Amino acid sequence: MRNLSLAASTSLSVPDIHGQISSTANDLDLNIQYIASEQCNADADVEVQIHKAEKDENQDTRLSLFSMFSSSAILLPTAHTQVMSLRVLLDTQQLVAVMRGGDITVIPLEEGVSDVVGTVDGGILAASWSPDDSSLVLVTGDDKLILMTSTFDVLSESSLHLSEFGEDAPINVGWGSKQTQFHGSLGKSAATAPAKTKHIISPDDDRVPRISWRGDGAFFSVSSVSPTRGGAAGRTGRRDRG
């Protein structure tokens, strides 16, 4: 946007951090940044450490260990992080970590003690919070789309890949359609022949689902690769019912 400009920037060196940095989250009220790092152990679990970066009385950034926990990992042929989402929920004063293995881990900001509030079977391929932090959308390893509240109550659960359009399906009024076009010597058979559509996936596509929210949080969209058609597929849902 043209009306946005950089107000300030800062850098932080973290040479002694455990594993690789995978996610960050910001507490905008207290100007604190949480940094998640992860490393897989010999038991195929992922060990997660969360550090807290905050300003001291001299306005110097101080890094300290805030919490640590372990979770089951899902290892993929290509390198992907195990922490799918890290978010500060200001209303409940919690830090929420959504893990690829399916665990949803909650850490109170005052205590730093982690607690797994639920586990999604099949693992989690994508996770995204609404702009106002009231809703959470998950795409599972079983190709399911789950919509949750901020207290992790399930509002809806459905298949990610639908065989037909939903209630806002496009309507063909006939103008410009194949049936109304002139086909010359091909005759009526050309008008009734099924259209051939070729679906192509870019070689740069990592086939990972992605979730995006509209700015006001009323709608969200999910892009993924259709297992039946072989091409990219998009789906739009509402915050109140998926």
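1. A good place to start reading this predicted model is the pairing of two neighbouring strands, where V139 stands opposite L145, a residue of strand 11. Strand 10 and strand 11 are antiparallel partners joined by 5 bridges, and the hairpin that they form has 3 residues between the strands, with D143 adopting a positive phi near 60°.

2. Strand 11 also has a partner in strand 12 (residues 154–159), since the two run antiparallel and are joined by 5 bridges. Within this pairing, L147 has S156 in strand 12 as its bridge partner, and the hairpin of the two strands leaves 4 residues between them, with a positive phi of about 70° at F152 in the turn.

3. How many of the 6 residues of strand 11 are buried? The count is 5 of the 6 residues in this strand (residues 144–149), and strand 11 is therefore largely enclosed by the rest of the structure.

4. T140 belongs to strand 10, which covers residues 135–140, and it deserves a careful look of its own. Is T140 buried or exposed? T140 counts as buried because its relative accessibility is 2%, while the cut-off for that label is under 20%. Leaving aside residues up to four places away in sequence, T140 touches V120, D121, G123, I124, L125 and I146.

5. Another hairpin can be found earlier in the chain, where strand 1 (residues 20–27) and strand 2 (residues 32–40) pair in the antiparallel sense over 7 bridges. The bridge partner of D27 is I32 in strand 2, and among the 4 residues between these strands is N31, whose phi is positive and near 55°.

6. Turning to the interior, the largest nonpolar core contains 18 residues, of which Y34, V48, I50, F69, L86, L95 and M99 touch the most other members. At least two residues of this core come from each of strand 2, strand 3 (45–55), strand 4 (61–72), strand 5 (83–89) and strand 6 (94–99). As background for a student, nonpolar side chains tend to be buried together in soluble globular proteins.

7. V48 is a useful residue to follow within that core, as it is one of those that touch the most other members. Not counting residues up to four places away in sequence, V48 touches S37, E38, S67, M68, F69, V83 and M99. There is also a second, separate core, which has 15 residues, including V98, V106, V120 and L136; of these, V120 has already appeared above as a contact of T140.

Methods:
Residues are numbered from 1 along each chain as its sequence is written. This is a predicted model: local features need pLDDT of at least 70, side-chain atom pairs count only at pLDDT 80 or more; totals for chains, interfaces and linings use all residues. Side-chain values use heavy atoms; hydrogens and water are left out. Two strands pair if DSSP finds at least two bridges between them. Buried means under 20% relative accessible area, exposed over 50%, partly exposed in between (1.4 Å probe, protein chains only). Contact means heavy atoms within 4.5 Å. A nonpolar core is a set of buried Ala, Val, Leu, Ile, Met, Phe, Trp, Tyr and Cys residues joined through side-chain atoms within 4.5 Å.
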